[in-house]
Amino acid sequence: MVAIMTETTRTVSPPTKRPVRQLLAASVGNAVEWYDWYAYTFLATYIAAEVFPKGADNSLVPLLSTFAVFAVGFFMRPVGGLVMGAIADRRGRRAALTVTILLMGGSSLLVGLTPTYETAGVLAPVILVLARLLQGLSVGGEFAASTTFLVESAGPGRRGLFSSFQYVSTTAGQLVASGIATLLVDTLSDGQMNGWGWRVPFVLGAVLSLVGFWIRQGAQETRSAEQQQAPRPALFEALRRHPRQSLLICGITAGGTIAYYTWTSYLPTYAELNAGIEKSDALLAGTISLAFFALLQPLGGLLSDRFGRRPLLLFFGLGFALLTVPLLHALHDSFAVLLLVQCAGMVLLTGFTSISAAVNAEAFPPRVRAAGIGFPYSLTVAMFGGTAPYVGTLFKELGHADLFPWYVAVLCLGSSLVYLRLPETAHKPLER
């Protein structure tokens, strides 16, 4: 389908000297980024109650509410991937990571300080929309910069292992956000949660962002001296000069992102809607399976360093293409069955998540690596991953809930066809 490298191979420089410190800098910052992102998701009902009007007297405000809660963040992620990726390619990976962590900290604080609709009127949802725009910009840029930074920091034969920490840290941020939200809901009254409790995680997120910023200041730049001295790439150079690689990222990601968001975010709701699972049981099964998922990631990365990227990708893609329908149809009113289905999916999903950063980084030359990854990846996530809960709910409302598993399976089959054509890059030196 595509040749991975189209430029003449340049000198391959050695990896960074402090790989563990590099790993910590990328992982901690990424966890903080995703903590802030998921905190908004977990507390959206409290935010909506305080920031948006309860009535429909102003047609603009309900529209803003829907746009802010469900669409704005994902809409901005491709923009963030492109802009922050360009910063990483022009100014360095560490510079981009500094911008993304500060941007997320500022947007998190802005959410925490957003006035209520009662006190500020329509200005309140406008401020919240702005904060969500900044969060989406930051998250899209974080993936582009941290993916490149992680893989370029890895030692020989360790790119897959380092790549796996992208989702270890993402899952850690999600679990911390879920835990803090649950703790607040369990310990505070409804009045306290609606009054000030929902703001606490966002103020804490701003503080944690400063911690991530401090850790990243000690990180080593991974862009080679040759690249630093070269002319700066244009904003759309990756798309213009490497269109095949850009399409390749979309093909690699489509099945992975629909499976990821279905299994890590939507499955508890799907089980409630279609299998009669109690909400508390669904959330508990989701939390346990996420912890299990995080533990699997380094194993997947190590396996890919030894046996290659393509076998793991095919394990994921064909596994989901064949098993999504029977797994989701197996759900019924049982906590044990739900947990088993979620954990089985997490094993298959690891074939994609543990190495997606490495596969993406190995697809582009260093000059445009971050921007080349960031835009097509985030665009595909917005199109297929971000819409997964809504597509699933739409099928349910139309009386065709059984079609959603087939939708997931078909997208994973499509990505599997891309994986079959991928050249193996695990044991080749990474151009720097």
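A nonpolar core is a set of buried Ala, Val, Leu, Ile, Met, Phe, Trp, Tyr and Cys residues joined through side-chain atoms within 4.5 Å. Keep that in mind as we walk through this structure, which is a predicted model.

**Stop 1: the cores**

Start by selecting L331 and L349. These are the residues with the most contacts inside the largest nonpolar core, which has 86 residues. Next, colour helix α12: with 13 residues, α12 provides the largest share of this core. In soluble globular proteins, nonpolar side chains tend to be buried together.

Stay with L349 for a moment and show its surroundings. Which residues does L349 touch, leaving out those up to four places away in sequence? You should find G256, A259, Y260 and W263, together with T264, F293, F316 and F320.

Now select A26, A96, A145 and A370. They are among the 14 residues of another core, which lies apart from the largest one.

**Stop 2: the long-range partners of α12**

Pick I252, which sits in helix α12. At 1% relative accessibility, I252 is under the 20% cut-off, so I252 counts as buried. Beyond its neighbours up to four places away in sequence, I252 touches F352, V359, N360, S415, V418, Y419 and L422.

One of those partners deserves a click of its own: S415. Draw a distance between the C-alpha atoms of I252 and S415 and you will get 5.5 Å, although 163 residues separate the two along the chain. S415 belongs to helix α19, residues 403-421. Is S415 buried or exposed? Its relative accessibility is 2%, so S415 is buried. Apart from neighbours within four places in sequence, S415 is in contact with G251, I252, A254 and G255.

Just before α12 comes a loop from α11 (237-241), and H242 is located in that loop. H242 has a relative accessible area of 2% and is buried. To find a distant piece of chain, select G372 as well: the C-alpha atoms of H242 and G372 are 8.0 Å apart, with their positions 130 residues apart along the chain.

**Stop 3: the cavities**

Rolling a probe the size of a water molecule over the atoms shows where empty space is left. In this model there are five cavities of 30 Å³ or more.

The largest cavity holds about 100 Å³ of space. To centre your view on this cavity, select V359, E362, L422, P423 and T425, the closest to its centre of the twelve residues in the lining. The elements giving two or more residues to that lining are α12 (243-275) and α14 (309-329). By class, the twelve lining residues are seven nonpolar, one polar and four charged.

Move on to the second largest cavity, with a volume of about 80 Å³. Its lining is made of W34, Y38, R77, F143, Q166, Y167, T170, Y260, Y261 and Y377. Which helix gives the most to this lining? That is α7, with three residues. Colour α1 (19-42), α7 (159-187) and α12 to see the elements that each supply at least two residues. In this lining, seven residues are nonpolar, two are polar and one is charged.

**Stop 4: two buried polar residues**

Select S146, in helix α6, residues 123-153. S146 is buried, with a relative accessible area of 1%. Setting aside residues up to four places away in sequence, S146 touches N30, L97 and Q166. You met Q166 a moment ago in the lining of the second largest cavity.

Then go to Q342, in helix α15, residues 335-353. Q342 also has a relative accessible area of 1% and is buried. Its contacts, without residues up to four places away in sequence, are W263, L267, P268, A282, A285, G286 and S289. For S289, the C-alpha distance to Q342 is 6.1 Å, and the two are 53 residues apart in sequence.

**Last stop: one face of a helix**

Finish at helix α2, residues 44-51, and select A44, Y46, I47, E50 and V51, which are buried. Now turn the view so that you look down the axis of α2. The buried residues fall within an arc of 160 degrees, so they line one face of the helix.

Notes:
Residues numbered from 1 in each chain as written. Predicted model: local features only at pLDDT ≥ 70, side-chain atom pairs only at ≥ 80, totals over all residues. Heavy atoms only, no water. 1 Å grid on protein atoms, 1.4 Å probe; cavity = no way out; pocket = protein on both sides within 12 Å on 5 of 7 lines; lining within 4 Å. Points joined across faces, edges and corners; volume = space filled by probe spheres on them. Helix = DSSP H or I, 4+ residues; strand = E, 2+ residues; numbered from the N terminus. Nonpolar A, V, L, I, M, F, W, Y, C, P; charged D, E, K, R; others polar. Buried < 20%, exposed > 50% of the residue type's maximum accessible area, 1.4 Å probe, protein only. Contact = heavy atoms within 4.5 Å. Arc of directions from axis to C-beta.
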